[in-house]
Amino acid sequence: MKIIIIGAGQVGATLAENLASEDNDITVIDTDLVRLRELQDRLDIQTVEGSGAHPDVLKQAGCNDADMLIAVSNQDETNMVACQVAHTLFKTPTKIGRVRSSAYSHYPELFNDQALPMDVRISPEKEVTKHLSRLIRYPGALQVMEFADGKVQLVVVKAEKGGPLIGQPISFLKEHMPSIQTRIAAIYRDGKSISPDGNTHIHANDEVFFLTAQRDVLDVMSELRPLDTPYRRIIIAGGGNIGERLAHSLEKEYRVKIIERDLERCRYLSENLDNTIVLNGDASKQELLLEENIESTDVFCALTNNDEANIMSSMLAKVLGVRTVMTIINNPAYVDIVQEGMIDIAISPQQTTISSLLSYIRRGDVVNVHSMRKGAAEALEAVAHGDYRSSKVVGRSIANLNLPEGATIGAIVREEDLIIATSELVIQAEDHVIIFVTNKKQIPAVEQLFQVGLTFF
């Protein structure tokens with residue numbers, strides 16, 4: 001695909017890196033020439049200096065024959081105008097825009113072809129908030145991903161001693177829980193992928209990816225590790241957009257406190273949140289954390305815009321006795337370092353945002369994509385269309401599909417039913433098929449499987 005990306009910040013740069021590695025024709029627009037040169041030195045892409053909202057700049061970038069425009073600059077207004085110009089002057093088929101301000105989200109009627117023609121609106125803050133909320137609802141999970149409108153969850157946990165499945169073959173899971181539909185889609189052991197089958201044994205410290213219905217997540221987790229007690233007390237460091245959104249999503253079920261340094265922002269938060277305690281102060285101050293009983297707090301979420309402040313306050317909270325620390329880190333170089341230490345879960349807003357974008361970039365009817373292991377692996381939800389003649393999957397059993405190496409089908413959702421994949425299972429038209437791909441280079445082959453031939457039309 002020919003894709004134009006507006007914005008060479010953290011999100012734009014990470015997106016360009018992901019898409020350029022898949023042989024797409026990428027052009028990045030930004031006003032910062034230094035950033036553009038850094039990207040061009042690392043990646044096989046084109047760059048254009050200038051404002052992405054200007055018609056001449058878009059023309060220079062090749063917008064007249066681009067398949068997609070992705071506007072992810074730090075300015076909402078630049079992103080919206082860029083989509084408008086691309087639509088009006090260049091008839092760009094797909095326009096995706098980053099809109100951070102919640103003020104615009106209150107007026108969805110703004111975003112249509114007669115007003116602001118933005119086909120897809122993305123909000124990194126919203127995506128990160130959903131990611132954090134799911135982790136808090138499932139203590140002990142490293143990642144929780146939803147498919148089929150939440151009917152199916154793909155959950156990542158680290159296997160620990162005390163779980164009944166430790167040292168047992170995977171087939172033991174079906175014997176032990178015959179009434180629960182679940183499938184272990186992948187295992188990472190010592191950083192390397194293992195393609196699991198019924199005879200594969202689970203070891204302590206394995207990173208296990210399993211699929212199951214939402215209602216059964218905790219039951220399956222209990223087979224892989226002793227269940228943690230549910231979280232109750234949450235402290236959020238940073239009352240920005242993400243901190244506010246997270247507090248709002250949690251405050252009805254949990255006891256939530258926000259620590260925010262800016263007094264005016266504290267006043268705003270106290271007026272707009274119902275059951276959250278708002279504290280004016282510095283989350284890296286030991287005295288303040290002790291006053292707020294950090295030792296009896298279940299989760300400390302460091303959500304400021306400053307990586308170093310997030311890391312230091314998180315480490316302090318852990319030393320003072322908090323159960324679990326979740327930290328936003330924008331600099332990819334920091335993520336591996338901190339996750340090996342006292343920080344339990346390091347969250348990259350860029351990777352979380354890219355997952356929400358990939359479903360619009362993948363070919364075939366791919367309705368959901370989750371990027372994992374820093375983009376090296378993906379889980380996709382693809383809809384099977386056509387019939388036996390026009391489709392490479394419809395009417396065929398999973399054993400007879402030409403799946404590339406490293407790709408496995410974990411489950412399908414047929415109307416309201418979750419069906420765990422077996423080699424004999426035959427895929428029908430309109431099935432939602434959940435595929436786990438450990439080697440990202442095989443994504444194009446998976447996409448081709450779900451593209452419908454011309455005979456269908």
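**View 1. An open sheet of six strands in the predicted model.** In this predicted model, six strands are arranged as an open sheet whose order reads 3-2-1-4-5-6, with parallel pairing. The edges are formed by strand 3 (46-49) and strand 6 (120-122), each of which pairs on one side only. Averaged over the sheet and with direction ignored, neighbouring strands are turned by 15° against each other.

**View 2. Strand 2, strand 3 and the helix packed on them.** Strand 2 (residues 25-30) and strand 3 run parallel and are joined by four bridges; within this part of the sheet, I29 has V48 of strand 3 as its bridge partner. Helix 2 (residues 33-42) packs on the sheet, where it touches both strand 2 and strand 3, and its direction makes about 175° with that of strand 3.

**View 3. Helix 4 and the strands that it lies across.** Helix 4 (residues 76-90) lies across strand 1 (2-6), strand 4 (68-71) and strand 5 (94-98), and it runs at about 170° to strand 5.

**View 4. The crossing of helix 6 and helix 14.** The axes of helix 6 (residues 124-137) and helix 14 (residues 349-361) come within 9 Å and cross at roughly 100°; the two helices are therefore roughly perpendicular to each other, a description that covers angles of 65 to 115 degrees. On the side of helix 6 the contact is made by P124, E127, V128 and H131, and on the side of helix 14 by P349, T352, T353 and S356. By character, the residues of this contact divide into three nonpolar, four polar and one charged.

Conventions: Residues numbered from 1 in each chain as written. Predicted model: local features only at pLDDT ≥ 70, side-chain atom pairs only at ≥ 80, totals over all residues. Heavy atoms only, no water. Axes fitted to C-alpha atoms, helices over the stretch in contact; angles between N-to-C directions. Parallel < 35°, antiparallel > 145°, perpendicular 65-115°, else oblique. Contact = heavy atoms within 4.5 Å. Nonpolar A, V, L, I, M, F, W, Y, C, P; charged D, E, K, R; others polar. Pairing = 2+ DSSP bridges.
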